[in-house]
Protein chains: 2
Amino acid sequence: MRSKINQAWIDHWLGLGNVVELSCPTVTPYAVLEASGHVGEFSDFMTQCGSCQEASRADSLLEAHHPNPDALKRDELQSLLEAEKPPCPACGMTDWSEILAQNLMFNTTIGAGASGRPGFLRPETAQGMFTSFNALYRHFRERLPFGAMQVGKGYRNEIAPRQGMIRLREFNMAELEYFIDPESPADDDLSAWDTVSFALVPDGKKPVEMTLEVACQQGVIRHATVARFMGITYDFLAKVGIDMNRVRFRQHESDEMAHYAMDCWDAEIEGSFGWIECVGIAHRGCYDLESHEKATGKSLRARREFDEPRTTLVDAWTIDGATAGPAFKALAGQVKATVEGLPKSTTFPATVALENGETVVIEPEHVKPNQRTLKETGEWYIPHVVEPAFGIDRIIWHVLDHAYAEQEKNGEAYTVMQLAPAVAPVDIAVFPLFEKEGMDDAAAKIHQRLCGRPGTVSMYDGSGSIGRRYARADEIGVPQCITVDHQTLQDGTVTLRERDTGEQVRVPMDSL
Amino acid sequence: MRSKINQAWIDHWLGLGNVVELSCPTVTPYAVLEASGHVGEFSDFMTQCGSCQEASRADSLLEAHHPNPDALKRDELQSLLEAEKPPCPACGMTDWSEILAQNLMFNTTIGAGASGRPGFLRPETAQGMFTSFNALYRHFRERLPFGAMQVGKGYRNEIAPRQGMIRLREFNMAELEYFIDPESPADDDLSAWDTVSFALVPDGKKPVEMTLEVACQQGVIRHATVARFMGITYDFLAKVGIDMNRVRFRQHESDEMAHYAMDCWDAEIEGSFGWIECVGIAHRGCYDLESHEKATGKSLRARREFDEPRTTLVDAWTIDGATAGPAFKALAGQVKATVEGLPKSTTFPATVALENGETVVIEPEHVKPNQRTLKETGEWYIPHVVEPAFGIDRIIWHVLDHAYAEQEKNGEAYTVMQLAPAVAPVDIAVFPLFEKEGMDDAAAKIHQRLCGRPGTVSMYDGSGSIGRRYARADEIGVPQCITVDHQTLQDGTVTLRERDTGEQVRVPMDSL
């Protein structure tokens with residue numbers, strides 16, 4: 001099921017036409033995550049029980065005592081902890097250590113012995129795509145916009161994992177980093193969603209229902225690419241079987257949003273745990289590429305050509321050949337190049353270093369003012385990034401939650417998992433009515449033939465009554481079942497049963 | 001390309017009809033890998049340069065001084081190192097530390113603070129499948145044989161990674177654990193490979209060419225399931241584009257094989273680095289399940305029903321009601337149950353503990369000999385495992401190596417990557433002859449339509465001459481290219497060009 005959802009996600013976003021799938025290592029050197037800010041910032045506030053040594057998140061302990069302890073600073077949490085003295089959830093004692101910021105990354109050592117270097121398991125897949133920017137830029141023939149996407153594991157050494165698949169230490173995520181030119185108009189086509197009313201919860205305001213187009217026009221959604229990605233996200237969730245009446249998009253409030261983010265919307269899905277954030281769509285500005293550029297000194301930029309070359313008048317200096325020539329002799333050429341690079345504000349005499357490393361003193365009589373025109377056909381800039389990030393496990397959990405239906409059959413409770421065929425882990429089940437008289441062989445043959453088809457998962461089941469086997473198949477969400485009976489041996493037809501309608505039709509087994 | 005090869009691998013083995021895909025965590029608790037033997041055994045011998053601190057593998061340093069240093073024990077390596085004094089490959093000095101066994105697993109800590117537990121990144125995907133045995137056994141309705149397979153990352157903190165994709169610290173692997181009943185006949189059908197002559201290098205003997213059937217009959221391959229999996233492996237490698245004239249199967253020599261393994265064959269592929277092991281197919285006996293059973297005390301067994309119930313005569317004791325009744329009164333029932341469980345060799349008087357915890361002394365006059373028949377309809381046993389393990393990165397590397405062809409075109413060197421369509425990362429490229437007069441729009445439309453098709457990767461390229469664009473597509477192995485030209489705008493046809501033949505035909509664009 002996860003394989004199917006991962007593949008559906010890749011296929012869905014490949015539809016953009018200008019994205020490519022990447023796969024980067026999960027073990028990441030310290031320097032990369034230091035540049036991204038994860039080493040410094042990616043932490044939870046933790047306190048430890050002096051009695052049983054169990055670690056707890058300070059904000060979780062204080063949930064009963066504050067409406068939003070998640071937003072508190074360390075000192076505020078510390079005061080509240082001391083005032084409220086919540087008991088340890090493990091042993092019931094109240095003996096908390098001082099609150100410390102605990103980094104959420106799994107650490108390890110890359111290589112052996114003293115030459116080993118520190119590293120972490122990646123907390124998200126994004127960083128590998130930022131550091132690959134230059135290769136991507138070449139791959140796309142230096143034309144923006146383009147995107148890179150990745151499906152894979154992320155790791156957070158949570159202090160308190162909980163709620164099953166909702167908060168895992170090792171989780172499956174899918175991220176797209178879409179690089180855009182901030183100066184090109186954000187005129188993404190939103191017409192595909194003209195008839196869809198989106199449930200939006202704008203930054204600190206009342207929920208509204210409107211189309212993406214209108215939300216953009218009114219400035220509720222601040223960038224058209226963000227809006228388009230919300231539409232594509234909507235389509236994806238519908239495709240994998242999420243009940244779209246239980247999906248809303250919530251905008252981050254400005255104090256909740258990372259300081260560099262320009263807009264951020266979470267797709268939240270309602271299930272047995274309430275509303276849970278499952279997708280985040282963030283306009284991250286130029287933060288990521290700029291951070292890696294600063295840390296490495298290596299350019300991560302794209303070039304923008306001007307419609308018309310731009311000429312600028314530069315006020316500067318040049319040498320006075322009549323005096324500088326005799327004074328500097330063979331070095332005169334280098335002196336000229338150096339002087340022409342000096343700003344107009346330079347005062348002479350000035351001591352300057354030449355290209356060959358020599359230092360010379362330039363007197364006022366060696367130079368004269370110089371005005372030049374500089375013609376530029378384009379410029380280098382740091383692209384902006386719009387990032388849709390999907391929590392695959394959380395989506396799977398909600399797909400199951402929404403597909404689970406308790407019905408009644410003959411006065412007994414009957415469970416059906418109404419999974420969309422696109423995500424059902426078993427596509428079809430094959431049953432022999434009895435495992436004798438050749439029915440088992442015929443069923444096994446059909447099963448083998450279906451198994452040989454790429455992408456089809458067939459299940460053979462010969463134990464128990466047919467009713468019991470249908471019930472087992474319904475319980476795990478198999479969309480279709482085939483039964484081989486006495487008639488099959490005579491005329492080559494089988495019974496095909498649909499999970500959701502219960503309808504049974506006889507079809508020739510060769511047509512399957 | 002890796003996504004495609006992974007998916008092709010899953011689809012290929014799903015054809016068995018009785019296997020299921022799993023996904024287990026990569027971060028693995030200490031206890032699991034202690035039980036599997038990895039904590040104790042999974043290591044390389046390392047020495048460190050006293051001058052530059054660089055760590056090196058002792059066997060690598062001594063490659064020039066011994067035919068097979070890999071097989072030497074620690075003390076032998078130590079003596080050889082001291083005798084030969086090889087220079088440090090990093091700094092050239094000769095100042096080696098004592099040789100130590102260095103475990104190859106990446107270590108980390110699961111959870112925070114003092115309650116954190118030690119763990120490792122998994123060195124293989126197999127262990128999660130062994131520990132899931134009981135769930136798998138239920139899933140398959142308690143009928144063997146069945147298999148579980150997994151595609152994912154494995155981690156080895158190699159002291160000296162080298163040869164690009166051949167020896168990585170973080171690698172992609174695909175493993176199948178196939179559980180069989182060792183007492184059921186190994187009569188796997190090998191007829192599908194009757195016409196294929198396999199290049200075999202049997203344990204320490206000369207290479208031979210023979211069919212799998214003959215190799216099994218002659219005892220060269222020791223188990224028919226191993227032979228069948230060699231056949232399925234052969235088909236897979238052919239499907240992804242490996243040149244099958246450069247594949248051989250080499251049997252492990254007995255001293256190279258793990259002590260518990262009953263047979264082991266490597267599929268080796270010849271490429272620019274020589275013959276490299278890319279797949280291992282091992283009959284692992286009952287080693288894995290037995291190890292986990294011992295470590296946890298939890299049964300990992302399957303039940304085998306006897307054709308006929310088996311009755312055995314048991315010589316034992318029972319109580320003599322006439323004497324024991326009055327002696328033990330209300331306890332007589334418990335005394336009877338306890339005495340009937342004692343072996344015939346027991347001597348009386350004997351002090352025994354009853355079920356309720358009380359201790360009683362049983363005198364000779366309380367008991368009399370008793371013969372009972374015990375009827376059993378089946379028994380529990382530890383299944384054996386046959387494991388095909390694929391190194392996905394090594395296979396990708398050889399697919400590229402075999403697909404790479406240098407040709408000549410108009411007197412110039414011309415590179416083509418002749419990838420099989422099943423693995424080519426880009427399926428089709430779309431070119432407008434010129435990016436004007438509507439040709440660019442028409443091409444973009446075709447590109448968008450192809451991108452919307454699940455599983456199809458299309459590439460749009462509008463820069464440079466058509467010849468240059470064909471060359472770029474050939475270089476990355478795109479099987480087909482489409483060109484949109486003036487005629488397209490008139491009659492809706494495009495040019496479709498095949499990479500391998502260079503043939504160009506005009507086809508209606510709606511037929512694509």
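## Salt bridges and polar contacts across the interface

Four salt bridges turn up across the interface of chain A and chain B in this predicted model. E435(A) takes part in a salt bridge with R143(B), and there the closest N and O atoms sit 2.8 Å apart. Polar contacts add to the picture: 24 residue pairs, with both partners at pLDDT 80 or more, are in polar contact between chain A and chain B.

Which pieces of chain A supply at least two residues each to the side that touches chain B? Those are the helices α1 (2-14) and α14 (439-451), plus the strands β3 (43-48), β6 (107-110) and β8 (146-155). Sorted by residue class, the side of chain A that touches chain B has 18 nonpolar, 21 polar and 13 charged residues.

## How much gets buried

In terms of head count, 52 residues of chain A are in contact with 53 residues of chain B. Between them, the two chains bury about 3,900 Å², with 45% of that on carbon and sulfur atoms. On the chain A side, the residues that lose the most area to chain B are A112(A), R141(A) and R143(A), and together they make up 13% of what that side buries.

## The symmetry

How do the two chains map onto each other? A turn of 180° with a shift of 0.0 Å along the axis lays chain A on chain B, at an RMSD of 0.2 Å. The two copies are therefore related as by a two-fold rotation axis. Both copies use the same surface, too: 100% of the contact residues of chain A recur in chain B.

Which residue of chain A comes closest to the rotation axis? That's T108(A), whose C-alpha is 2.7 Å from the axis.

## A look at H292(A)

Now for a single residue, H292(A), which belongs to helix α10 (residues 287-296) of chain A. Is H292(A) buried or exposed? With a relative accessibility of 4%, H292(A) counts as buried, because the cut-off for that label is under 20%.

The side chain of H292(A) has a polar contact with the side chain of Q127(A), at 2.7 Å. Leaving aside residues up to four places away in sequence, H292(A) touches V32(A), A35(A) and S36(A), then Q127(A), F130(A) and T131(A), and finally G297(A) and L300(A). Q127(A) thus shows up both among the residues that H292(A) touches and as a polar partner of the H292(A) side chain.

Conventions: Residues are numbered from 1 along each chain as its sequence is written. Chains are lettered from A and ligands numbered from 1 in the order in which they are written. This is a predicted model: local features need pLDDT of at least 70, side-chain atom pairs count only at pLDDT 80 or more; totals for chains, interfaces and linings use all residues. Side-chain values use heavy atoms; hydrogens and water are left out. Helices (H or I, at least four residues) and strands (E, at least two) are DSSP runs, numbered from the N terminus. Buried means under 20% relative accessible area, exposed over 50%, partly exposed in between (1.4 Å probe, protein chains only). A polar contact is a pair of N or O atoms within 3.5 Å; within protein, one must be able to donate a hydrogen and the other to accept it, and residues adjacent in sequence count only if both atoms are side-chain atoms. Contact means heavy atoms within 4.5 Å. Copies are superposed by least squares on the C-alpha atoms of residues with pLDDT of at least 70 in both. Buried area is the accessible area (1.4 Å probe) that two parts lose on being put together, summed over both. A salt bridge is a side-chain nitrogen of Lys or Arg within 4 Å of a carboxyl oxygen of Asp or Glu. Ala, Val, Leu, Ile, Met, Phe, Trp, Tyr, Cys and Pro count as nonpolar, Asp, Glu, Lys and Arg as charged, and the others, Gly among them, as polar.
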